[in-house]
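Here are a few notes to read alongside the model. Have the ligand in view and take the points one at a time.

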Amino acid sequence: MTIDFQTGIVAEPSSDATFILLNAAPGKEAQLRKALSTAPALIESIQQQFPDTELHAAIGFSCHGWERIMAEAKPAELAPFPSFSGELLSVSDEAHDIVLHIRSMRHDATHTLALKLFQSFADSVTFSQQTNCFKYLDNRDFTGFVDGTENPQGEDRKDVALVGEEDSAHLGGSYLNYMKFTHNLAKWNTVDLKDQEDTYGRTKYDNEEYASADKSVHAHTKRTSLKDDNGNSLEILRHSMPFGDLQEQGLVFASYSRTPSIFDRMLQSMIEGDEDGNVDHLMKYTNATAGSAFFIPSISFLKALA
Ligand code: HEM
């Protein structure tokens, strides 16, 4: 059986992206469902208008939005973004109903699709936030380190990101976790190269992973490389990208996974730390106070919403 899924979930990294957060307008749910059911055809038509730009979209719903908009049973693990509190960071759920994650190799393509989708929803949604992101150098975060290297590759991306038979009503869906981090680059740029590298557990310029024994318990890659009880690596598919203007620079973190519990464990390990309370020292240089958790249903699910 072929599993259909929204292409923005597993497609290769893009050089341009936009993340849009919307709310459902009260009393307009039927109108919104109708617009959502035509979204796949609209996306296809804009993809044809911008060939060779690798234009992709993912449209998703938080548990708050799901309860408002959908009559269908909720995906098994769709829940509010978790709350964690630690010495460097505290986060909680920021409730938005709908996410649009649109990405491509050209900002005009990304922008056109974002605008057309938003216009198609008309007054059935209210606008909450938009963050435009762009590729910085060779896929580096503004801290200067390559981001995304240890992502799953090839067919593994689907295994990691897409819901399977464990929730057959939502086959081909994916759980998206969203966070917007604002960096303190003035502080980061005072840190010497070795300490920056120790903070990640990777080298900066040639992007080599440290040997496990050389990684600090506070290193970002130490805190996020987790294993299950059988020693298998727990994985998510990250599509984080930098955003910035003259006043604020940071990273939109976005990950897709077939269960949000893996992301939750990683974030807990970063913020609350290991059994000895060792937290992720990358969080000394960046801040986020909230996050949002969404489910990206399959294309056939969206089409059936009419
Ligand atoms: C790895 C940056 C937040 C999960 C990395 C790497 C960088 C990075 C540069 C190393 C290269 C690679 O991608 O494999 C950042 C920045 C963040 C951030 C700048 C926020 C400001 C997060 C969050 C999570 C996360 C919130 C999940 C809760 C991971 C994972 C890896 C990773 C799973 C791969 C670890 C490994 O297997 O080596 N991150 N990250 N990151 N990050 Fe983050």
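1. Start at the iron. H220 is the only protein donor of the ligand's iron atom, and its NE2 atom sits at 2.1 Å. Keep in mind that this is a predicted model.

2. Stay with H220 for a moment. This residue is found in helix 7. The side chain of H220 also has an N or O atom 2.9 Å from a nitrogen atom of the ligand.

3. Next, look at two other side chains that face ligand oxygens. For R238, an N or O atom of the side chain is 2.8 Å from an oxygen atom of the ligand. For D147, the corresponding distance to a ligand oxygen is 3.5 Å.

4. Which residues come nearest to the ligand? Out of the 24 residues around the ligand, those are G148, T149, E150, H220 and R238. You have already met H220 as the iron's donor.

5. Now zoom out to the site as a whole. The ligand takes up the space of the largest pocket. Two or more residues of the surrounding shell come from each of strand 7 (174-183), helix 7 (220-224), strand 10 (249-257) and helix 8 (260-271). Helix 8 gives the largest share, four residues.

6. Finally, what kinds of residues make up the shell around the ligand? Eleven are nonpolar, eight are polar and five are charged. Try colouring them by kind, then find helix 8 with its four shell residues.

Note on methods. Residues numbered from 1 in each chain as written. Predicted model: local features only at pLDDT ≥ 70, side-chain atom pairs only at ≥ 80, totals over all residues. Heavy atoms only, no water. Near = heavy atom within 4 Å. Polar contact = N/O pair within 3.5 Å; in protein donor to acceptor, adjacent residues only side chain to side chain. 1 Å grid on protein atoms, 1.4 Å probe; cavity = no way out; pocket = protein on both sides within 12 Å on 5 of 7 lines; lining within 4 Å. Sits in = over half its atoms within 2 Å of the grid points. Nonpolar A, V, L, I, M, F, W, Y, C, P; charged D, E, K, R; others polar. Donors = N, O, S within 2.8 Å, 3.2 Å for Na, K, Ca; no water.
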